[in-house]
Amino acid sequence: MNDVRGWIERKLAESRFSATRLSDRQLEITRDNLPNARVLCVGLAKGETFGVENLDAALADVPGTGFIVVVPTAITHAAYERAEELGVCVAGFGELVSALHHDPDVAQHIDSQEQYERRRLIRNEAVTSIKRKGYHAYEIQRRKLRSLTVVTTNDYEFTADRLYSILESHDGINPDLIIVTNPNCRGFSTDSRKAAARAGIPLVHFEDFLDGLGSKWA
(Lines give C-alpha, C1' and ligand atoms only; values in the text may rest on other atoms or scores of the structure.)
Protein backbone atom coordinates (compact mmCIF):
# COMPACT_ATOMS: atom_id res chain seq x y z
CA MET A 1 0.00 0.00 0.00
CA ASN A 2 1.39 3.38 -1.05
CA ASP A 3 1.00 6.96 0.14
CA VAL A 4 -1.05 8.49 -2.66
CA ARG A 5 -1.80 11.81 -1.00
CA GLY A 6 0.16 13.88 -3.52
CA TRP A 7 -2.01 12.71 -6.42
CA ILE A 8 -5.20 13.14 -4.39
CA GLU A 9 -4.20 16.66 -3.32
CA ARG A 10 -3.65 17.69 -6.94
CA LYS A 11 -6.97 16.22 -8.05
CA LEU A 12 -8.81 17.83 -5.12
CA ALA A 13 -7.35 21.20 -6.08
CA GLU A 14 -8.93 20.78 -9.52
CA SER A 15 -12.28 20.53 -7.74
CA ARG A 16 -11.41 23.56 -5.59
CA PHE A 17 -10.89 21.71 -2.33
CA SER A 18 -7.90 22.37 -0.11
CA ALA A 19 -6.32 19.65 2.00
CA THR A 20 -3.92 19.49 4.92
CA ARG A 21 -1.71 16.48 5.52
CA LEU A 22 -2.05 14.66 8.82
CA SER A 23 -0.21 11.62 10.10
CA ASP A 24 -0.90 8.05 9.00
CA ARG A 25 -1.73 8.86 5.33
CA GLN A 26 -4.63 11.09 6.30
CA LEU A 27 -5.87 14.31 4.72
CA GLU A 28 -8.16 16.87 6.32
CA ILE A 29 -10.18 18.49 3.55
CA THR A 30 -11.70 21.94 3.97
CA ARG A 31 -15.22 22.53 2.66
CA ASP A 32 -17.03 25.85 2.38
CA ASN A 33 -20.44 25.02 3.83
CA LEU A 34 -19.86 21.62 5.41
CA PRO A 35 -17.64 20.32 8.22
CA ASN A 36 -14.06 19.48 7.37
CA ALA A 37 -13.67 15.88 6.22
CA ARG A 38 -10.84 13.63 7.37
CA VAL A 39 -10.00 10.78 5.00
CA LEU A 40 -7.45 7.99 4.92
CA CYS A 41 -5.69 7.63 1.56
CA VAL A 42 -4.59 4.25 0.22
CA GLY A 43 -2.62 3.77 -2.98
CA LEU A 44 -2.47 0.33 -4.58
CA ALA A 45 0.35 -1.07 -6.67
CA LYS A 46 -0.43 -2.85 -9.93
CA GLY A 47 -2.28 -6.07 -9.22
CA GLU A 48 -3.12 -5.19 -5.61
CA THR A 49 -6.64 -5.11 -4.20
CA PHE A 50 -8.04 -3.58 -1.05
CA GLY A 51 -9.65 -6.37 0.96
CA VAL A 52 -11.15 -7.02 4.37
CA GLU A 53 -7.76 -7.57 5.97
CA ASN A 54 -6.57 -4.20 4.65
CA LEU A 55 -9.72 -2.49 5.91
CA ASP A 56 -9.41 -3.99 9.37
CA ALA A 57 -5.70 -3.12 9.53
CA ALA A 58 -6.36 0.47 8.45
CA LEU A 59 -9.03 0.96 11.09
CA ALA A 60 -6.77 -0.56 13.74
CA ASP A 61 -3.91 1.75 12.74
CA VAL A 62 -6.08 4.86 12.45
CA PRO A 63 -9.04 4.56 14.86
CA GLY A 64 -12.00 6.76 14.06
CA THR A 65 -11.49 6.64 10.30
CA GLY A 66 -14.79 7.23 8.49
CA PHE A 67 -13.76 7.38 4.83
CA ILE A 68 -11.02 5.44 3.05
CA VAL A 69 -10.26 6.52 -0.51
CA VAL A 70 -8.58 3.79 -2.56
CA VAL A 71 -6.59 4.58 -5.73
CA PRO A 72 -7.07 2.89 -8.11
CA THR A 73 -10.52 1.58 -7.16
CA ALA A 74 -9.65 -2.09 -6.77
CA ILE A 75 -11.83 -2.95 -3.78
CA THR A 76 -13.08 -6.45 -3.03
CA HIS A 77 -16.77 -7.17 -2.56
CA ALA A 78 -16.05 -8.48 0.93
CA ALA A 79 -14.44 -5.14 1.83
CA TYR A 80 -17.57 -3.27 0.73
CA GLU A 81 -19.68 -5.61 2.85
CA ARG A 82 -17.42 -5.23 5.88
CA ALA A 83 -17.33 -1.45 5.51
CA GLU A 84 -21.12 -1.24 5.70
CA GLU A 85 -21.09 -3.37 8.85
CA LEU A 86 -18.58 -1.00 10.44
CA GLY A 87 -20.25 2.23 9.31
CA VAL A 88 -17.30 3.24 7.15
CA CYS A 89 -17.21 4.33 3.50
CA VAL A 90 -14.60 2.73 1.26
CA ALA A 91 -14.59 4.12 -2.27
CA GLY A 92 -12.59 5.50 -5.15
CA PHE A 93 -11.63 9.10 -5.79
CA GLY A 94 -14.77 10.00 -7.78
CA GLU A 95 -17.01 9.02 -4.88
CA LEU A 96 -14.81 10.99 -2.49
CA VAL A 97 -15.47 14.13 -4.51
CA SER A 98 -19.20 13.37 -4.52
CA ALA A 99 -19.16 12.85 -0.75
CA LEU A 100 -17.29 16.12 -0.22
CA HIS A 101 -19.90 18.01 -2.20
CA HIS A 102 -23.00 16.44 -0.65
CA ASP A 103 -22.48 14.61 2.65
CA PRO A 104 -22.07 16.36 6.01
CA ASP A 105 -20.66 13.07 7.31
CA VAL A 106 -18.60 11.48 4.55
CA ALA A 107 -18.63 8.15 6.40
CA GLN A 108 -22.31 7.88 5.45
CA HIS A 109 -21.73 8.39 1.74
CA ILE A 110 -23.54 6.07 -0.68
CA ASP A 111 -23.15 6.38 -4.44
CA SER A 112 -26.12 7.71 -6.41
CA GLN A 113 -26.97 4.39 -8.08
CA GLU A 114 -27.03 2.57 -4.76
CA GLN A 115 -29.14 5.33 -3.18
CA TYR A 116 -31.72 4.93 -5.94
CA GLU A 117 -31.73 1.14 -5.69
CA ARG A 118 -32.02 1.10 -1.90
CA ARG A 119 -34.89 3.61 -1.90
CA ARG A 120 -36.87 1.54 -4.34
CA LEU A 121 -36.14 -1.75 -2.60
CA ILE A 122 -36.81 -0.74 1.00
CA ARG A 123 -40.17 0.79 0.06
CA ASN A 124 -41.34 -2.51 -1.39
CA GLU A 125 -43.78 -4.13 1.04
CA ALA A 126 -42.20 -7.56 0.51
CA VAL A 127 -38.77 -6.39 1.71
CA THR A 128 -37.80 -6.50 5.39
CA SER A 129 -34.11 -5.58 5.15
CA ILE A 130 -31.22 -5.05 2.75
CA LYS A 131 -27.61 -6.01 3.38
CA ARG A 132 -24.73 -5.04 1.17
CA LYS A 133 -22.84 -8.01 -0.25
CA GLY A 134 -20.44 -6.14 -2.51
CA TYR A 135 -20.28 -3.44 -5.15
CA HIS A 136 -23.92 -3.06 -6.22
CA ALA A 137 -24.69 -6.46 -4.75
CA TYR A 138 -27.27 -7.01 -2.02
CA GLU A 139 -28.86 -9.67 0.11
CA ILE A 140 -32.59 -8.89 0.27
CA GLN A 141 -34.63 -10.34 3.12
CA ARG A 142 -38.32 -10.86 2.29
CA ARG A 143 -41.48 -11.54 4.25
CA LYS A 144 -42.42 -15.25 4.14
CA LEU A 145 -40.03 -15.93 1.25
CA ARG A 146 -36.39 -16.86 1.06
CA SER A 147 -33.79 -14.14 0.86
CA LEU A 148 -32.31 -13.22 -2.51
CA THR A 149 -28.79 -12.22 -3.44
CA VAL A 150 -28.80 -9.88 -6.43
CA VAL A 151 -26.35 -7.88 -8.49
CA THR A 152 -27.50 -4.66 -10.12
CA THR A 153 -26.24 -2.72 -13.10
CA ASN A 154 -27.46 0.47 -14.75
CA ASP A 155 -26.43 -0.38 -18.31
CA TYR A 156 -28.46 1.22 -21.09
CA GLU A 157 -27.68 -1.67 -23.44
CA PHE A 158 -27.08 -5.03 -21.83
CA THR A 159 -25.00 -7.52 -23.81
CA ALA A 160 -23.94 -11.12 -23.34
CA ASP A 161 -20.37 -9.93 -22.75
CA ARG A 162 -21.61 -7.66 -19.99
CA LEU A 163 -23.40 -10.56 -18.30
CA TYR A 164 -20.26 -12.70 -18.35
CA SER A 165 -18.23 -9.77 -17.03
CA ILE A 166 -20.63 -9.29 -14.10
CA LEU A 167 -20.58 -12.99 -13.23
CA GLU A 168 -16.79 -13.06 -13.38
CA SER A 169 -16.33 -9.92 -11.29
CA HIS A 170 -18.86 -11.15 -8.72
CA ASP A 171 -17.40 -14.64 -8.44
CA GLY A 172 -18.04 -15.96 -4.94
CA ILE A 173 -21.23 -13.97 -4.40
CA ASN A 174 -23.39 -16.41 -6.41
CA PRO A 175 -26.26 -14.04 -7.25
CA ASP A 176 -29.78 -15.38 -7.69
CA LEU A 177 -30.58 -12.69 -10.26
CA ILE A 178 -28.98 -9.91 -12.27
CA ILE A 179 -31.11 -6.76 -12.32
CA VAL A 180 -30.82 -3.91 -14.82
CA THR A 181 -31.96 -0.75 -13.04
CA ASN A 182 -31.58 1.76 -15.89
CA PRO A 183 -35.16 2.81 -16.74
CA ASN A 184 -34.08 3.57 -20.32
CA CYS A 185 -33.07 -0.04 -20.94
CA ARG A 186 -36.19 -1.31 -22.69
CA GLY A 187 -35.17 -4.81 -23.62
CA PHE A 188 -32.47 -7.47 -23.66
CA SER A 189 -30.76 -8.77 -26.74
CA THR A 190 -31.33 -12.34 -27.84
CA ASP A 191 -27.67 -13.07 -27.13
CA SER A 192 -27.89 -11.72 -23.57
CA ARG A 193 -31.03 -13.76 -22.88
CA LYS A 194 -29.37 -16.90 -24.22
CA ALA A 195 -26.26 -16.21 -22.14
CA ALA A 196 -28.37 -15.78 -19.01
CA ALA A 197 -30.20 -19.02 -19.73
CA ARG A 198 -26.93 -20.88 -20.23
CA ALA A 199 -25.58 -19.44 -16.96
CA GLY A 200 -28.81 -20.43 -15.19
CA ILE A 201 -29.43 -16.96 -13.80
CA PRO A 202 -32.52 -14.80 -14.39
CA LEU A 203 -31.96 -11.43 -16.05
CA VAL A 204 -34.70 -8.92 -15.22
CA HIS A 205 -35.60 -5.26 -15.38
CA PHE A 206 -35.83 -3.46 -12.05
CA GLU A 207 -39.56 -2.73 -12.33
CA ASP A 208 -40.31 -6.39 -13.08
CA PHE A 209 -38.13 -7.43 -10.15
CA LEU A 210 -39.93 -5.07 -7.77
CA ASP A 211 -43.33 -6.28 -8.99
CA GLY A 212 -42.39 -9.91 -8.37
CA LEU A 213 -40.62 -9.59 -5.02
CA GLY A 214 -43.65 -10.70 -3.05
CA SER A 215 -44.44 -13.79 -5.11
CA LYS A 216 -41.59 -14.93 -7.37
CA TRP A 217 -38.27 -16.66 -6.81
CA ALA A 218 -39.64 -18.57 -3.83
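Biologist: How many bridges join strand 6 to strand 7?
Modeller: Six bridges join strand 6 to strand 7 (residues 137-142), and the two strands run antiparallel. Two strands count as paired if DSSP finds at least two bridges between them. This is a predicted model, in which local features need pLDDT of at least 70, side-chain atom pairs count only at pLDDT 80 or more, and totals for chains, interfaces and linings use all residues. Residues are numbered from 1 along each chain as its sequence is written, and side-chain values use heavy atoms, with hydrogens and water left out.

Biologist: Which residue stands opposite Tyr138 in strand 7?
Modeller: That is Arg132. Strands (E, at least two residues) and helices (H or I, at least four) are DSSP runs, numbered from the N terminus.

Biologist: What order do strands 6, 7, 8, 9 and 10 have in their sheet?
Modeller: They form an open sheet of five strands in the order 6-7-8-9-10, and the pairing is mixed. Strand 6 (127-134) and strand 10 (203-205) are the edge strands, each pairing on one side only. From one strand to the next, the twist averages 30 degrees.

Biologist: And which strands does helix 5 touch?
Modeller: Helix 5 (residues 112-122) packs on the sheet and touches strand 6, strand 7 and strand 8 (145-153). Its direction makes about 155 degrees with that of strand 6. Angles run from 0 to 180 degrees between N-to-C directions, and axes are lines fitted to C-alpha atoms, for helices over the stretch in contact. Contact means heavy atoms within 4.5 Å.

Biologist: Switching sheets: which are the edge strands in the order 1-2-3-4-5?
Modeller: That open sheet also has mixed pairing and five strands. Its edges are strand 1 (18-21) and strand 5 (89-91). Strand 5 pairs in the parallel sense with strand 4 (residues 67-71), over three bridges. Within that pairing, Phe67 has Cys89 in strand 5 as its bridge partner.

Biologist: Is Gln26 in strand 2 buried or exposed?
Modeller: Gln26 is buried because its relative accessible area is 10%. Buried means under 20%, exposed over 50% and partly exposed in between, using a 1.4 Å probe and protein chains only. Gln26 lies in strand 2 (residues 26-30). Leaving out residues up to four places away in sequence, Gln26 touches Arg5, Thr20, Arg21, Arg38, Val39, Leu40 and Val62.

Biologist: Now helices! At what angle do helix 2 and helix 3 cross?
Modeller: Roughly 35 degrees, with the axes of helix 2 and helix 3 (residues 77-86) coming within 8 Å. From helix 2, Val52, Leu55, Asp56 and Leu59 meet Ala78, Ala79, Arg82, Ala83 and Leu86 in helix 3. By class, that contact has seven nonpolar, no polar and two charged residues. Nonpolar covers Ala, Val, Leu, Ile, Met, Phe, Trp, Tyr, Cys and Pro; charged covers Asp, Glu, Lys and Arg; the others, Gly among them, are polar.

Biologist: Why does Val52 count as partly exposed?
Modeller: Because its relative accessibility is 24%. Val52 lies in helix 2 (residues 52-61).

Biologist: Last topic: how many aromatic pairs are there?
Modeller: The count comes to five. One of them joins Phe209 and Trp217: their ring centres are 5.3 Å apart and their planes are at 35 degrees, so the pair is tilted. The rings of Phe, Tyr and Trp (its six-membered ring) pair if their centres lie within 6.5 Å; planes under 30 degrees apart are stacked, over 60 edge-to-face, and the rest tilted.

Biologist: What is the relative accessible area of Phe209?
Modeller: It is 0%, so Phe209 is buried.
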